[in-house]
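Open the model in your viewer, switch to cartoon view and keep the selection box handy. We will make a few stops together, picking out elements as we go.

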Amino acid sequence: MKYHFNDIETKWQKYWAKNQTFKALNPPVSGVLKNAPKFYVLDMFPYPSGAGLHVGHPLGYIASDIYARYKRHKGFNVLHPMGYDSFGLPAEQYAIQTGQHPAKTTEENIATYRRQMDQIGFSFDWNREVRTSEPDYYKHTQWIFIQLFESYYCLDTDKAQPILKLINRFEKDGNATINAVCDEDTSLFNAAEWNTFSEVKKQEILLKYRLTYLSETKVNWCPALGTVLANDEVINGISERGGHPVEQKEMKQWSMRITAYTQRLLDGLDTIDWPQPLKDSQINWIGRSEGALVAFKILNSEFNIEVFTTRPDTIFGVSFMTFAPEHELVDKITTSDYSDAVAAYKKVTAKRSERERMADVKTISGQFTGAYAEHPFTGEKIPIWIGDYVLAGYGTGAVMAVPCGDQRDYDFAKYFDIPIPNIFKDIDISEYACEDKQAIITNSDFISDMPAKKAIKRMIYELGQRGIGAGKINYRLRDAVFSRQRYWGEPFPVYYKDGMPQMIAKKHLPILLPEVEKYLPTEDGKPPLGNATQWAWDTNLNKVVNNNLITSNTIENSLNANGIYPLELNTMPGWAGSSWYFNRYMDPDNTEEFASQEALNYWKNVDLYIGGSEHATGHLLYARFWQKFLFDKGLVSVDEYVKKLINQGMILGTSAFVYRWNYESEDPQKPKKLIFVSKTKMEKVIKERKTIENSEKGALKKRISETGRIKIPQAVYNNWSNFTPIHTDIRFVNASNELDIEAFKNWREEYKEAEFVTESDGKFIVGREVEKMSKSKYNVVNPDDICHNYGADTLRMYEMFLGPLEQAKPWNTAGITGVHSFLKKLWRLYHSGDQETFYVSDQKPSDEALKTLHKTIKKVEEDIVNFSFNTSVATFMIAVNELTAQNCNKREILEPLAILIEPYAPHIAEELWEKLGHTDSIAKVPFPKFEEKYLVESTKVYPISFNGKMRFTLELSLDLSKEEIEKIVLAHKKTQKQLKGRIPKKVIVVPGKIVNLVE
């Protein structure tokens, strides 16, 4: 029979689903996998967008699936699950626009994703599917949040501890001897004072220690989205989602004290096999630096300001100080002469995100405050400026500026004409700052003539002796804002008593997301949940709250009778559910806990994780933080959740562009026509436009007009070099880059009356550019089309064949035919010449066929282990070509070949395996074993040369001696013909290499 790939693939996808072929077993494991080692393969949690998958999305999934299938062949109990990070802003934005509940659109989107993933043939264990938006999932997210709230970070034990332990210490000793992570403004108190504090005061103090806490925080506020965004969700001052302006704003927010784990997050990177660029991203994001805190007195005020510096040895080079514009002292120290200018500068800065300010190293801006600080050693007056290159959240929000030793300070000083004293010996700073850390310090009192390392040590000592500073380790990482002013997210399990947050008991979880009529904030500025009129918890809906208020009877605790308390109306951020989902897959049906200890101890962590590097400082960092916290609490057995991580590259799309002509209208009163110009015509015109003199413009105009399909307006012939490229859908473009003009005009209403300047043959040629495959660029290729036209096995193998997994590579649908032809050729190996009859022989294979098989086994296994999947595909092609040339149809060769290719092309492998007479799936059949003996060469093809020139070749046994080789060569008829009766002067024989006759 012929290779009917659609029928074959549908058949086996149904078989796998019915027989649960890829179901992973939790302990106790029995049967054939009783003593099998475990292996956990995971893909990064996908958000189910409305567009569904394009061909770029499955790349990582295919790679992980190949590895998961390979591990099953190697006898492992493989966990390869899939689920959905189903809370997200896009669904909510769609709800705002249409009124359709996000749950409905999310469900529809998931159905599309599931259908697409099934048709590609992934070996996911769908019994373990999880969705972050399902109550039985987010009840555990809420519970973990409560554990964070009820914990603090003890520096003595270097781990999270119950907050009750801290309270007990406060009651006995106060906090003077407490060595814990807390807010920097935490005041000291003794036990007597603690015991007299009001309950509200105690709760305020505890919030300064809790691992999740409420505080006034400067956040990235997006008015258009009505929510706070994380730093990694803001790009160049606009929201990553939707491209809306983002501004800095003070708001009371929930935050996660991730800063308690900074050093452990850094140290843990040495224990995991992750790409170094990704590790570097986290290292830089955490930003560990060693230095000192130095106190400066602000003149004519009651204030002192501490600054952190990594170069305390350069303190004698300080010529000004710079505060972050949002620093709390700025308004207090600014003089009246400068108050208006400072206020104006602060307003401008508030429109830029912190990430944008950090990245912008070219713009120089600042404003003098009119205030001065006193140099702690010289007593000199130091002017205080504000500048947006200083961030309030990093260090103390102020820097001592040493322009001779820091290029950014140098540029700032030059721009504002601030003195630049030189403290480096024999260094010229007339053009640039000296940032050489080996430079000798001079003009610096007691540290003059010291190298930097020695000077730093001495300066830190001196700061301590004088009581004006101390050594310190600082981190750039800030606590993570955890509140979002939106609807479609996890509700907080929180209510408020006297303005202080209280946790709702575990037995009431989950706090269900309530129904609302509107998904926008309320008229009085509350988050969307403020629109809710009824709340409920637990999945039986047997507890109901009205009007966002909770009663003491409802929460069943010892609060005052008939007390009424407001609920938290914010929701958790998108990264909440994705920070622990890998643990839930281990035991997804557990209703009592997020996973049993038995399951957690068995699966431990993810052995292989594949996903994009764009999550380096978001999901991947937050998830490591949560895992370490859960480890501290004894809830998981390992503190790093991923052993090995691979960042797959991106499959790029080939976009198509039409070129809009931006001409000047002859009559400004008349509406301008929308005119598009063919690419080749445009390029030719631009070239001519640049070279033709003014006297030839008329001829140019005439030539353009005559060759085009429209008449060019008379007054605008000299405006032809002004064009704007516009994306067009690649569906309207053929293989020759010709645009279907009618399809394009019908695409959008504004294009219906557009006119087109074509080539002389009437064709309209588009421009092409390789860029990110994206719905917004209209360059998306739908995998549904590829699977229908060529099959899922072809798609899987082609995506791997495109290039190394970690590299970006452009998609080219035209290239897929080669892989499809290969699969048809593979199919023919198992069938007679007409492809109608399955025919495999049980006869012994040739040595040549065994050699082909075993070199293929060796290469494919090496490639899989090294994730070099692209070279495996090439190896399969070589093997099939060789076996076809050998007319090989032997079972001893074709059975292991089917197993070899199963991870890459599982559907055709299953079909061939069944045709070979097997009744069980091929999925768990042992992987073929490589045998070296079949690659050992017994003969050598010798080049036979005369006076160094090769004339012919001769295959001889490698067992022959030099004398035997010489005798055979001299007796050969081709040698006799070449010598023509002459006797060679010398015969050079190198066994296993060459034979050369010297005449």
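Two strands count as paired here if DSSP finds at least two bridges between them. Keep in mind that you are looking at a predicted model.

**First stop: a mixed sheet**

Start by selecting residues 939-946, which are strand S32, together with 994-998, strand S35. These two strands run parallel, and three bridges join them. Show side chains for a moment and look for Phe946, which stands opposite Leu997 in S35.

Now widen the selection to the whole sheet. Its four strands follow the order S33-S32-S35-S34, the sheet is open, and the pairing is mixed. At its edges you will find S33 (949-957) and S34 (986-990), each of them pairing on one side only. Turn the view to look along the sheet: from one strand to the next, the twist averages 20°.

Next, add residues 962-971. This is helix H30, and it lies across S32, S33, S34 and S35. Compare its direction with that of S34: the helix runs at about 125° to that strand.

**Second stop: a parallel sheet**

Move to residues 606-611, strand S24, and bring in its partner S25. The two pair in the parallel sense over five bridges. Ile610 is a good residue to label, since you can then find Ile646 of S25 opposite.

Which strands make up the rest of this sheet? The full order is S2-S1-S24-S25, an open sheet of four strands with parallel pairing. Strands S2 (77-79) and S25 (642-647) are at the edges with a single partner strand each, so one side of each has no neighbour in the sheet. Ignoring direction, neighbouring strands here are turned by 20° against each other on average.

Select 58-73 to bring up helix H2, which packs on this sheet and touches S1 (38-43), S2 and S24. The direction of H2 makes about 170° with that of S1.

**Last stop: two helices**

Finally, select 89-98 for helix H3 and 102-120 for helix H4. A packed pair of helices is described by the angle between the axes and the distance between them. For H3 and H4, the angle is about 125° and the axes are 8 Å apart. Angles that are not roughly parallel, antiparallel or perpendicular count as oblique, and H3 and H4 are therefore oblique to each other. Their crossing is right-handed.

Zoom in on the contact and show sticks. From H3 come Ala91, Glu92, Tyr94 and Ala95, meeting Pro102, Thr105 and Thr106 of H4. By type, the residues of this contact are four nonpolar, two polar and one charged.

Methods
Residues are numbered from 1 along each chain as its sequence is written. This is a predicted model: local features need pLDDT of at least 70, side-chain atom pairs count only at pLDDT 80 or more; totals for chains, interfaces and linings use all residues. Side-chain values use heavy atoms; hydrogens and water are left out. Axes are lines fitted to C-alpha atoms, for helices over the stretch in contact, and angles run from 0 to 180 degrees between N-to-C directions. Contact means heavy atoms within 4.5 Å. Angles under 35 degrees count as roughly parallel, over 145 as roughly antiparallel, 65 to 115 as roughly perpendicular and the rest as oblique. A crossing is left-handed if the near helix is turned anticlockwise from the far one by less than a right angle, and right-handed if clockwise. Ala, Val, Leu, Ile, Met, Phe, Trp, Tyr, Cys and Pro count as nonpolar, Asp, Glu, Lys and Arg as charged, and the others, Gly among them, as polar.
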